[in-house]
Structure formats: structure tokens, C-alpha cells
Amino acid sequence: MPAWEQRKLGEFGSVAMCKRIYKEQTSEQGDVPFFKIGTFGADPDAFISNELFEDYKRTYPYPTPGTLLISAAGSIGRIVEYQGEKAYFQDSNIVWLEHDHRLNDAFLKPLYSKIEWGLEGSTIKRLYNKDLLSAEVTIPDGREQKEIGQFFAKLDSLITLHQRKRLWFAK
């Protein structure tokens, strides 16, 4: 079995983000949910038109299903896996590592939670692109990444199931 390697995330790709959406381009109801840092991983409170969504999705960087989105402001490092639904995300506050798939996303998800991000800012902490790209990680080969990722995905699923069961019995 090959040894695990110490690498920087920037060796695998670059930081990507959606194109900026301005406040006047949003509304309180509409076609496509627009997730800002305060609603990331929760319910949206802003929307953009389907026309703007389709234009921006076609023209600018946009995540593919399975992409791990990362909060880069506020509660740093919150991870949401993009499932492919119609949604748009707040530019530099919600980013992802556009990588060359030498990293398995199922492995990357628990790995992100273990990274000690070098955060900057006094009032509002920020995860800058350079911080994400320079984060050092220890990774195994692709087969082992896949196995570890599947293990943690099953564990997450089991935890969620038990939490739901506990909530149901608490009623």
C-alpha cells in the first residue's frame, strides 16, 4: 500500500466561486434560491430570476453535482454538498475547490473539517483563497480515499438516521 503524502490543496486545483449577484438583482421571492453566507445550509431569504441564473450558470464558474461548497466568511469551513438543484451562491463568501479529481470528494468532505484554517480578520473572520490553497493535507492513494470517504458517508448517514429517530421518539 503506497504511503500517504503531505500536500497542499492548491496542488490539486484552484478556488472557484459564482459570479457576484448584487442586492438589486435579488427579490424576496422568485425562481432560483440565492444563498448568502447567513442562509448557507439553511432556507434562502433571497431569489434571483431564472433568466439571470441560466445566463450566469452558462457563462461563469458554477459547481457540478457533488461539489463541496465551503463557507469562507462568518462560520468558516461549513460544508454543503451541492446536489445539482437550481440554486446560486454568494460569490467570495461561498467557494469550492475546483480540482482535477485526484482528490475524492467523499474523502475531502471529512478532511475539510480537520483542517486548521489560517484565518484573517479581526471582526469578521475570512477564509481567503490563499488560505484554502495553502492548507496542508495528508492524503492516501485514490482507492484508499474512496474507501475512507464511503466509510464516513455511511457513518454520517447512520448518525442522521439516529438523530431523526431520537427526535421522532421525543415528540
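This is a short tour of a predicted model, going from the whole chain to a helix packing, two pockets and an aromatic pair.

**The whole chain**

Begin with the entire chain in a cartoon view, where the C-alpha atoms fill a box of roughly 55 × 45 × 35 Å along the principal axes. Colouring by secondary structure brings out 4 helices and 9 strands, and if you follow the chain along its sequence these elements come in the pattern β-β-β-β-α-β-β-β-β-α-α-β-α.

**Helix 2 against helix 4**

Next, select residues 105-114, which form helix 2, together with residues 142-170, which form helix 4. Two packed helices are described by the angle between their axes and by the distance between those axes. Here the angle is about 65 degrees and the axes are 7 Å apart, while the crossing itself is left-handed. To see what makes the contact, show the atoms of Ala106, Phe107 and Pro110 on helix 2, and of Gln145, Ile148, Gly149 and Phe152 on helix 4. Sorted by class, this contact consists of 5 nonpolar and 2 polar residues, with no charged residue taking part.

**The largest pocket**

Keep both helices on screen, since helix 2 and helix 4 are the elements that give two or more residues to the lining of the largest pocket. Rolling a probe the size of a water molecule over the atoms shows where empty space is left. The largest pocket holds about 230 Å³ of space, and to display its lining you can select Gly66, Leu68, Glu81, Asp105, Ala106, Lys109, Pro110, Ser113, Gly149, Phe152, Ala153 and Asp156. Which element gives the most to this lining? Helix 2 does, with 5 residues. By class, the lining of the largest pocket divides into 5 nonpolar, 3 polar and 4 charged residues.

**The second largest pocket**

Now move to the second largest pocket, whose volume is about 160 Å³. Its lining appears when you select Ile21, Tyr22, Lys23, Thr26, Ser27, Glu28, Phe34, Lys36, Asp45, Ala46 and Gln90, a set in which 4 residues are nonpolar, 3 are polar and 4 are charged.

**An aromatic pair**

For the last stop, consider the aromatic rings, which form 10 pairs in the structure. Select tyrosine 56 and tyrosine 88, whose ring centres lie 6.1 Å apart and whose planes stand at 55 degrees, so that the pair counts as tilted. Tyrosine 56 belongs to helix 1 (residues 50-59) and tyrosine 88 to strand 7 (residues 88-89), and the pair therefore ties together parts of the chain that are 32 residues apart in sequence.

Notes
Residues numbered from 1 in each chain as written. Predicted model: local features only at pLDDT ≥ 70, side-chain atom pairs only at ≥ 80, totals over all residues. Heavy atoms only, no water. Axes fitted to C-alpha atoms, helices over the stretch in contact; angles between N-to-C directions. Left-handed = near helix turned anticlockwise from the far one by under 90°. Contact = heavy atoms within 4.5 Å. Nonpolar A, V, L, I, M, F, W, Y, C, P; charged D, E, K, R; others polar. 1 Å grid on protein atoms, 1.4 Å probe; cavity = no way out; pocket = protein on both sides within 12 Å on 5 of 7 lines; lining within 4 Å. Points joined across faces, edges and corners; volume = space filled by probe spheres on them. Phe/Tyr/Trp six-rings, centres within 6.5 Å; stacked < 30°, edge-to-face > 60°.
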